[in-house]
Amino acid sequence: MSTVKPPPTPTMPALAAALPRVEDEIRTLATSSSLPVVNTFTGRITAAGGKRLRSVLVLAGSLAVSGAVPDKAVTAAACVELLHAGSLVHDDLMDGASERRGVRTVNADWGTGPAVLVGDFLLARASQAALERISPFAAGRLAQAVADLVEGQVLEVLDQHDPDRDPDAALRSIALKTGALFEVAGVLAAHCADADEATTAALGRYGALFGLLFQILDDLLDLASTSQRLGKPVGNDLRQGVYTFPLLRALDDDRRDLLRRRGRELSDAEIAALLADLRRTSMVADTLAHCTSLAARAVRELPGSPGSEALDILRELPGAYLDWAASQIA
């Protein structure tokens, strides 16, 4: 099955022209190893594509601030996507996943150790390109994003299979895991456009809130959509013992007791029954309401610039993604 993708991001000529340049730079950086076998896997991973929302944030943010897309912003967008790709290689390894976006994972085809190395290569190339082509500041912020991502993943591991996990702890984990990459996209957008500190901080906060919204919706779809709509199995977080923000807020005593007793051994039938039960609760409505609030908060962080088409894209993006996610719920 092919993964259903969100509707195309609204574009303008300068943004539309820059996106293919980002893809070219991703491909060049990802396949820059002196070892062909490494390039085979990194090229396959990055060619599988994705939503590229982080790239849009970098490009549109720089365009909104400076009226153009600097070459540095194209590199920054590619670097953020490489960080994301490297983190996904490591995620697939930790989850034991055999496929992502219709492509076999590195760990499935080449093994555990090589998958670690391939993910590390992508992370290293991103930091190197930022240092050489953008600035030490950019390289430092990307390195901090990787550190945040690692800490968020560790928090998730520590709370695995714990139905008493605090919903705020789940938010903290995804703020580090996902929010940090969106936040650094906003920061680098401003930095590449030579923005002042206030604008840089504002775009960073916008990115962090959008990243939080993005991940909460992704977690909700795993509980409330269908395999047919998403093109991938649902209920994966339950199988792995990752109890997410939407789930934790919907747990009552009976559901929590089920996870305590059977969480590590849930059968496919039990997962299907639990998902059906959750969909009869207010989980979907409550989560969408929470994300609507996050979208509004994100938009309020954007600097005011009447008549900026690039800023309009950023203003519309959280709501557009929210609408798409809602359309995928069963």
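These questions and answers walk through a predicted model of one protein.

Student: How many helices and strands does the protein have?
Tutor: The model is predicted, and its elements are read from that model. Both kinds of element occur in the protein. The count is 16 helices and two strands.

Student: What radius of gyration does the protein have, and why does it agree with a compact globule?
Tutor: The C-alpha trace spans about 55 × 50 × 35 Å along its principal axes. For 330 residues, a compact globule would have a radius of gyration near 20 Å. The protein agrees with that, because its own value is 20 Å.

Student: Among contacts between residues at least 6 apart in sequence, what share joins residues at least 24 apart?
Tutor: One such contact pair is Leu314 with Leu57. Another is Ser225 with Arg279. Over the protein, the share is 75%.

Student: Which residues have the most contacts inside the largest nonpolar core?
Tutor: Nonpolar side chains tend to be buried together in soluble globular proteins. Here the largest nonpolar core has 102 residues. Helix H9, residues 197-224, gives the most to this core, with 13 residues. The residues with the most contacts inside the core are Phe210 and Leu238.

Student: Which residues does Leu238 contact, leaving aside neighbours within four places in sequence?
Tutor: Leu238 is one of the two core residues just named. Its partners include Asp222 and Leu223. The others are Tyr243, Leu247, Leu259, Gly263, Leu266, Ile271, Leu274 and Leu275.

Student: Is Ser225 buried or exposed?
Tutor: Ser225 lies in the loop between H9 and helix H10 (227-230). Beyond four places in sequence, it touches Leu220, Leu230, Val234, Arg279, Gln328, Ile329 and Ala330. Its relative accessibility is 0%, so Ser225 counts as buried.

Student: Where is Leu314, and what is its relative accessible area?
Tutor: Leu314 is found in helix H16, residues 309-327. Not counting residues up to four places away, it touches Leu57, Ala60, Gly61, Leu203, Tyr206 and Leu302. Leu314 is buried, with a relative accessible area of 0%.

Student: Which residues does Leu88 contact, leaving aside neighbours within four places in sequence?
Tutor: Leu88 sits in helix H4, residues 71-95. At 10% relative accessibility, it counts as buried. Its contacts beyond four places are Arg100 and Arg101.

Student: What separates the C-alpha atoms of Leu88 and Leu212?
Tutor: Leu88 and Leu212 are 124 residues apart along the chain. In space, their C-alpha atoms are separated by 17 Å.

Student: What is the phi of Arg52?
Tutor: Most residues other than glycine have a negative phi. Arg52 is in the loop between helix H2 (36-47) and helix H3 (53-66). Arg52 is not a glycine, yet its phi is positive, at about 60°.

Student: Is His161 buried or exposed?
Tutor: His161 is in the loop between helix H7 (136-158) and helix H8 (167-192). Its phi is positive, near 60°. The cut-off for buried is under 20% relative accessible area. His161 has 19% relative accessibility, so it counts as buried.

Student: How far apart are the centres of the positive and negative side chains?
Tutor: The protein has 33 positive and 42 negative side chains. Each set has a centre, and the two centres lie apart by 3 Å.

Student: What part of the exposed area do carbon and sulfur atoms supply?
Tutor: Of the 330 residues, 52% count as buried. The protein exposes about 14,100 Å². Carbon and sulfur atoms supply 53% of it.

Terms used. Residues are numbered from 1 along each chain as its sequence is written. This is a predicted model: local features need pLDDT of at least 70, side-chain atom pairs count only at pLDDT 80 or more; totals for chains, interfaces and linings use all residues. Side-chain values use heavy atoms; hydrogens and water are left out. A nonpolar core is a set of buried Ala, Val, Leu, Ile, Met, Phe, Trp, Tyr and Cys residues joined through side-chain atoms within 4.5 Å. Buried means under 20% relative accessible area, exposed over 50%, partly exposed in between (1.4 Å probe, protein chains only). Helices (H or I, at least four residues) and strands (E, at least two) are DSSP runs, numbered from the N terminus. Contact means heavy atoms within 4.5 Å. The radius of gyration is taken over C-alpha atoms; the globule rule is 2.2 Å times the number of residues to the power 0.38. Accessible areas come from the Shrake-Rupley method with a 1.4 Å probe; for residues, only the protein chains shown count as cover. Lys and Arg count as positive and Asp and Glu as negative; His and the chain ends are not counted. The place of a charge is taken as NZ of Lys, CZ of Arg, CG of Asp or CD of Glu.
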